[in-house]
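Me: I am learning how descriptive terms are tied to computed values. Could you take me through some of them for the structure shown here?

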Amino acid sequence: MSWGASLGLLLGLLALFGVAGLPIAFTFFAVNIVGAAIFLGGEAGLMQMVRNSVDAVANFALVPIPLFILMGEVLFHTGIAFKAISAIERLIKRVPGRLSIVSVVGGTIFSALSGSTIANTALLGSSLLPEMLRRGYHPSIAIGPIMAVGGIAMLIPPSALAVLLGSLAGISISQLLIGGIVPGVMMATAFGAYIIGRCAINPTIAPSDEDGPSYSGWERWRPFVTDVLPLGGIVFLVIGSMILGWATPTEAAALGSLGSLIAAAAYRSLDRVALSRSLIETAKLSVMILFVIAASVTFSQILAFSGATNGLVQMVGALGSSPLLLAAGMVLVLLILGCVVDQVSMIMLTLPFFMPLAQSAGIDPLWLGVLMLISMELGLITPPFGLLLFVMQGVMPKHLNLQHVYRAAVPFILLELLVLGILLLSPELTLWLPGVMR
Amino acid sequence: MAHFDLWFGRLLGLIGIGVGVIFAVLTLLISADVVGRNLGLGNLAWATEVSEYLLYAAAFLGAPWLLRLGGHIRMDLVCTTLPPRARTVLELLCDLLGLAVCGVMFWYGLAAVRDGIQAGTMIIKMLVLKEWWIMSVVPVSAALLIIEFVLRLSRPFRSGAGSEA
């Protein structure tokens, strides 16, 4: 079979089963079974597939995935995150679109405490959104920032997806995690500037809300000192211990989730209900991701074995495009995929091609990894199937519909594309911070 | 059948709790290892290996539980736009395909276990384990998945009790 036919067969089956609605993990397994029978020598190949799927998940480097998710879930279900958000709200005064700014600042801080974009969006959506709508905020300036900043949790460590990407792509996980910080902060800044600008020009979309009790001095700062500053300890456990080289990403993740459990106990919020809900939600998300990993590792092997990977890489190589153009092309593929496919599948589908291509074109894998993370983050909020659009729909009041959500996402999609463009053109912005720890 | 469905759902629910507990154990185990090492109290040399096996067990044993909850990620863009009848048919076809996949996993998982027993293969790292102990999680997981897929297939033909998905 020519490489083109193999590629067409494997991707065609994948698309067929996937679009029919078979869960992604079983779709990969189904295609693997066909692929193993044809390309890996039948019975022996099928046996190999089973062993591969075991080796794929029995991997210490993947342990941070559940642990980073657990951190966010614990802080969310114990109510600690809500207290932190209201403490931040008390500090931010006299800015146009105040509550939208609170959601960007609060969401960015929570991003440094949680590896789950879903927890981040659900937190802000259930804490700040009702208040904004009650005060007459326009849905676009209320919903948009929450979804956009929800996605930042994927960039700023702890990030479960960065761990997944790093471990499968063979990029240093700690460097990839640290490499997400600068782009994450750039995005939060862009979101904040946009909100202030838009609300200053048109104050009616975010009515002033400073009619409530006004706090000053210690009363204003006390909640921040008691409810937010101590959480800095958890951030240090995760990010600090990695930058200082004290702990591997897996160890940092364990310390971080232990830290969040200790914090919850210290605030006397760790009851049995909160703990079991955190663990169950963590289990759902983690098993979903891990089982897709178990299924898809063999897929990339079959792609390689059938000659499809090599054929495609050589064909693209023959086009003789520059590394920049090639990276831009990969980003474009991810952006298109992101409109319809989830983040884990995006990684699994593209990595088998992207990493060999990057290697042959001399593209820095760390830079490419961060660009991939941002492209996938965009996929979280691009209509029609961005995951966070639906998380938002799930937590928002019923009088708003999916059209409101789509419209609210558009300005923030453009801002993220802008940041992505800047990082594409100046790799040093991404690479300097990880460079510090080299 | 409905009675069995209910009972099986409870079993899967227990497994879900077990998976949550595994993640709590991973947190404590790895933290103890790091803290112990940095305080010079010695380290748990087996912690890494045990963590890997626990992660693998969580992924495979948790999969049937997640299937029951409808939590495996899927693209439902076509399904949701179809009329109800066509949708039911497509769901049935997907469940049949899922069942076939798990059947293959079960068969070859079992073959790997049998090979391991016959050849007496050992995994020698920090811990010395028989390979088939580790491999046997796969057929167990596949068997639970098969049962859940069969229950899913049978639900449209039964009325009422036991259906959660």
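Me: Where does A:Pro384 lie?

Reply: This is a predicted model, and in it A:Pro384 lies in the loop between H20 and helix H21 (387–395) of chain A.

Me: What makes the bond that joins A:Pro383 and A:Pro384 a cis peptide bond?

Reply: The value to look at is omega, which is about 0° for the bond between A:Pro383 and A:Pro384, and the bond is accordingly described as cis. A cis peptide bond, again with omega of about 0°, joins A:Pro157 and A:Pro158, and A:Pro158 is found in the loop between helix H9 (139–152) and H10 of chain A.

Me: Why is H10(A) called oblique to H20(A)?

Reply: The axes of helix H10 (residues 160–169) and helix H20 (residues 365–381), both of chain A, come within 11 Å and cross at roughly 135°. Oblique is the word for angles that are not under 35 degrees, not over 145 and not within 65 to 115, and therefore H10(A) is oblique to H20(A). The crossing of these two helices, H10(A) and H20(A), is right-handed.

Me: What makes H17(A) and H19(A) oblique to each other?

Reply: H17(A) and H19(A) pack with their axes 10 Å apart and at an angle of about 45°. Angles under 35 degrees would count as roughly parallel, and those from 65 to 115 as roughly perpendicular, so H17(A) and H19(A) are oblique to each other. Their crossing, that of H17(A) and H19(A), is right-handed.

Me: How do you know that the span of helix H3 of chain B agrees with its 36 residues?

Reply: The expected span is 1.5 Å times one less than the number of residues. For helix H3 (residues 84–119) of chain B this gives 52 Å, and because its end C-alpha atoms are 52 Å apart, the two values agree. H3(B) is followed by B:Gly120, whose phi is positive, near 65°.

Me: What is the sign of phi in A:Arg94?

Reply: Phi of A:Arg94 is near 50°, a positive value in a residue other than glycine, and A:Arg94 has its place in the loop between helix H5 (80–91) and helix H6 (98–111) of chain A.

Me: Which classes of residue make up the lining of the second largest pocket?

Reply: The lining of the second largest pocket has 19 nonpolar, five polar and no charged residues. Its volume, that of the second largest pocket, is about 480 Å³, and among the residues nearest its centre are A:Leu11 and A:Val333.

Definitions and conventions
Residues numbered from 1 in each chain as written. Chains lettered and ligands numbered in written order. Predicted model: local features only at pLDDT ≥ 70, side-chain atom pairs only at ≥ 80, totals over all residues. Heavy atoms only, no water. 1 Å grid on protein atoms, 1.4 Å probe; cavity = no way out; pocket = protein on both sides within 12 Å on 5 of 7 lines; lining within 4 Å. Points joined across faces, edges and corners; volume = space filled by probe spheres on them. Nonpolar A, V, L, I, M, F, W, Y, C, P; charged D, E, K, R; others polar. Helix = DSSP H or I, 4+ residues; strand = E, 2+ residues; numbered from the N terminus. Axes fitted to C-alpha atoms, helices over the stretch in contact; angles between N-to-C directions. Left-handed = near helix turned anticlockwise from the far one by under 90°.
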